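The exercises below concern helix packing, enclosed space and backbone geometry in one protein model. Each gives a task and then a solution in steps.

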Amino acid sequence: MQNPDKFLITGGKPLKGTVVIDGAKNSALSIMAACLLSREVSILENVPRLKDVYSMIEVIKILGVNVEWIDNNTLSIDPDDFNNYEAPYELVKTMRASFLVMGPLLARLKKAKISLPGGCAIGARPVDFHLKGFRALGANITTEKGYIKAEVKELKGNDIYIDFPSLGATENIMMAASLAEGTTMIENAAKDPEVIELGNFLNKMGAKIDGLGNDIVTITGVKSLKGVKYRIIPDRIEGGTYMIAAAITRGNVEIKNVNPYYLKSCIVKLEESGLRVSTKDDSIFISDPEGIKSVDIKTMPFPGFPTDMQAQFMALMTIANGTSIITENVFENRFAHAGDLRRMGADIKIEGRNSIIKGVKKLSAAPVMASDLRGGAALVLGALVAEGTTEISRIYHIDRGYVRLEEKLRSLGANVRRE
Ligand code: UD1
């Protein structure tokens with residue numbers, strides 16, 4: 001059974017103080033999968049203690065890999081002689097990113113059987129680009145009873161064009177190609193920081209990857225990879241969410257342990273909406289806006305505005321001065337949070353990939369329900385300024401991606417309880 005916890009949030013307090021950001025969920029997930037490419041132990045530091053990370057631990061344990069927490073945020077992953085190549089439905093359905101073990105399985109065991117991730121609250125999210133990539137590397141792929149089976153004699157490098165710069169597909173292909181014979185060129189590759197980090201990690205293991213952060217990434221296969229020690233980068237989406245928490249409550253907050261460069265698009269949009277944003281080393285400071293102006297947002301692959309910040313930005317726009325249009329270009333169905341924000345008094349109209357948000361004077365508490373991770377975060381943000389006490393259910397979605405959210409918000413002065 002899913003965790004029945006709820007958040008009770010009484011709005012109205014401007015947030016003040018410093019919040020420290022944890023390690024990046026999505027970077028930890030792909031790097032954990034990449035550890036399987038070596039026979040040696042890898043040590044990962046700054047791994048966030050999140051539900052999705054626990055799910056990935058379960059997946060790689062099922063495959064026969066030894067995983068252990070050796071410190072609060074440090075994982076040791078020993079993939080010496082694991083031999084199971086099957087990731088079952090029960091695990092993959094809880095987290096789509098489990099599919100990232102397919103590339104490493106093909107490279108190490110020459111076969112993989114992974115449940116199709118299936119539908120998801122934010123759109124169809126197929127895995128066709130991943131499979132196109134594996135086929136190009138020589139794998140034979142079949143589907144059977146909801147599972148994808150892939151087998152290969154020898155992975156061979158090839159040129160692969162991805163139709164859309166998919167983060168997951170770029171990562172999965174990069175991992176498989178690292179141990180393929182010859183050279184692979186991924187065209188229209190994703191340029192996200194998590195992809196660059198995975199590439200840096202693989203290169204530290206002994207891979208030969210060039211062009212990280214560009215449209216074309218080249219991978220020259222090597223015979224084997226070694227175990228390494230690596231530190232996970234800070235979570236840009238957690239950082240961005242606290243930026244909006246400061247903005248929406250008209251607070252004054254230092255967001256510490258972030259890379260401001262990776263949050264550039266969010267910083268620019270917050271400045272356009274009238275906020276004062278400054279950066280110093282690994283901190284972003286958000287302060288006292290005169291009043292929030294409406295701005296338009298279009299989500300795009302990195303370095304464009306991240307789809308993972310769209311819901312949170314919508315929460316901010318609900319109380320902005322004027323009308324804003326948010327266009328979701330990455331996922332076809334990612335506005336589930338709009339309905340619950342409306343229950344709190346927001347004026348939002350959805351037309352296909354666009355949502356039109358007319359700023360209102362205030363939001364009011366209402367019982368609402370998180371329907372996905374970032375949409376859930378948007379409801380928390382709305383609740384921080386709503387009049388009265390908002391009850392948010394299904395917060396297990398939020399726990400997938402935010403470490404101790406209620407504690408961190410409370411330390412900034414918010415009135416948040418988990419019940
Ligand atoms: C990753 C992130 C997720 C983020 C998303 C977009 C992880 C664990 N998750 O998800 O938080 O919201 O990037 O930045 O890192 N697509 C296909 N076929 C495929 C693969 C993708 O059509 O084989 C489509 C998707 O449906 C979507 C778009 O491509 O419309 C981008 O998806 P993708 O970048 O692959 O997202 P994920 O890697 O699943």
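**Exercise 1. Describe the contact of H8 with H9 and classify the angle of their axes.**

Step 1. Start with the residues in contact: Met243, Ile244 and Ala247 on the H8 side meet Cys266, Ile267 and Leu270 on the H9 side. Sorted by class, this contact holds six nonpolar, no polar and no charged residues.

Step 2. Take the axes. In this predicted model, helix H8 covers residues 236-248 and helix H9 residues 264-272, and their axes come within 11 Å and cross at roughly 10°.

Step 3. Apply the cut-off: angles under 35 degrees count as roughly parallel. H8 and H9 are therefore roughly parallel to each other.

**Exercise 2. State which residues of H11 are buried, and what they pack against.**

Step 1. Helix H11 spans residues 336-343, and its buried residues are His337, Ala338, Asp340 and Leu341.

Step 2. An α-helix has 3.6 residues a turn, so residues three or four places apart point the same way.

Step 3. List the partners. The buried residues of H11 pack against two helices, H10 (310-317) and H12 (373-385), and against two strands, E20 (347-351) and E22 (367-369).

Step 4. Look just past the helix: after H11, glycine 345 has a positive phi of about 105°.

**Exercise 3. Find the largest cavity and say which elements line it.**

Step 1. Rolling a probe the size of a water molecule over the atoms shows where empty space is left.

Step 2. Count and size: there is one cavity of 30 Å³ or more, and the largest cavity holds about 30 Å³ of space.

Step 3. Its lining consists of Thr241, Tyr242, Ala245, Val380, Leu381, Leu384, Leu405 and Leu409. H8, H12 and helix H14 (405-411) each give two or more residues to this lining.

Step 4. By class, the lining of the largest cavity has seven nonpolar residues, one polar and no charged.

**Exercise 4. Characterise the second largest pocket by volume and lining.**

Step 1. The volume of the second largest pocket is about 300 Å³.

Step 2. Its lining has 18 residues; Arg250, Ile292, Ile319, Val360 and Lys361 lie nearest the centre.

Step 3. These lining residues divide into eight nonpolar, six polar and four charged.

**Exercise 5. Locate the cis peptide bond at proline 303 and the positive phi values of aspartate 281 and arginine 404.**

Step 1. Most residues other than glycine have a negative phi, and most peptide bonds are trans.

Step 2. The bond from phenylalanine 302 to proline 303 is cis, its omega being near 10°. Proline 303 sits in the loop between strand E18 (297-298) and H10.

Step 3. Aspartate 281 has a positive phi near 50° and belongs to the loop between strand E16 (276-280) and strand E17 (283-287). Its relative accessibility is 66%, so aspartate 281 counts as exposed.

Step 4. Arginine 404, which is not a glycine, has a positive phi of about 40°. The loop that holds arginine 404 runs between helix H13 (396-399) and H14. With a relative accessibility of 44%, arginine 404 counts as partly exposed.

**Exercise 6. Is glutamate 194 buried or exposed, and what does it touch?**

Step 1. Glutamate 194 is part of helix H7 (residues 193-205).

Step 2. The cut-off for buried is under 20% relative accessible area. Glutamate 194 has 5% relative accessibility and therefore counts as buried.

Step 3. Leaving out residues up to four places away in sequence, glutamate 194 touches Asn26, Ser27, Ser30, Leu167, Glu171 and Arg236.

Conventions:
Residues numbered from 1 in each chain as written. Predicted model: local features only at pLDDT ≥ 70, side-chain atom pairs only at ≥ 80, totals over all residues. Heavy atoms only, no water. Axes fitted to C-alpha atoms, helices over the stretch in contact; angles between N-to-C directions. Helix = DSSP H or I, 4+ residues; strand = E, 2+ residues; numbered from the N terminus. Parallel < 35°, antiparallel > 145°, perpendicular 65-115°, else oblique. Contact = heavy atoms within 4.5 Å. Nonpolar A, V, L, I, M, F, W, Y, C, P; charged D, E, K, R; others polar. Buried < 20%, exposed > 50% of the residue type's maximum accessible area, 1.4 Å probe, protein only. 1 Å grid on protein atoms, 1.4 Å probe; cavity = no way out; pocket = protein on both sides within 12 Å on 5 of 7 lines; lining within 4 Å. Points joined across faces, edges and corners; volume = space filled by probe spheres on them.
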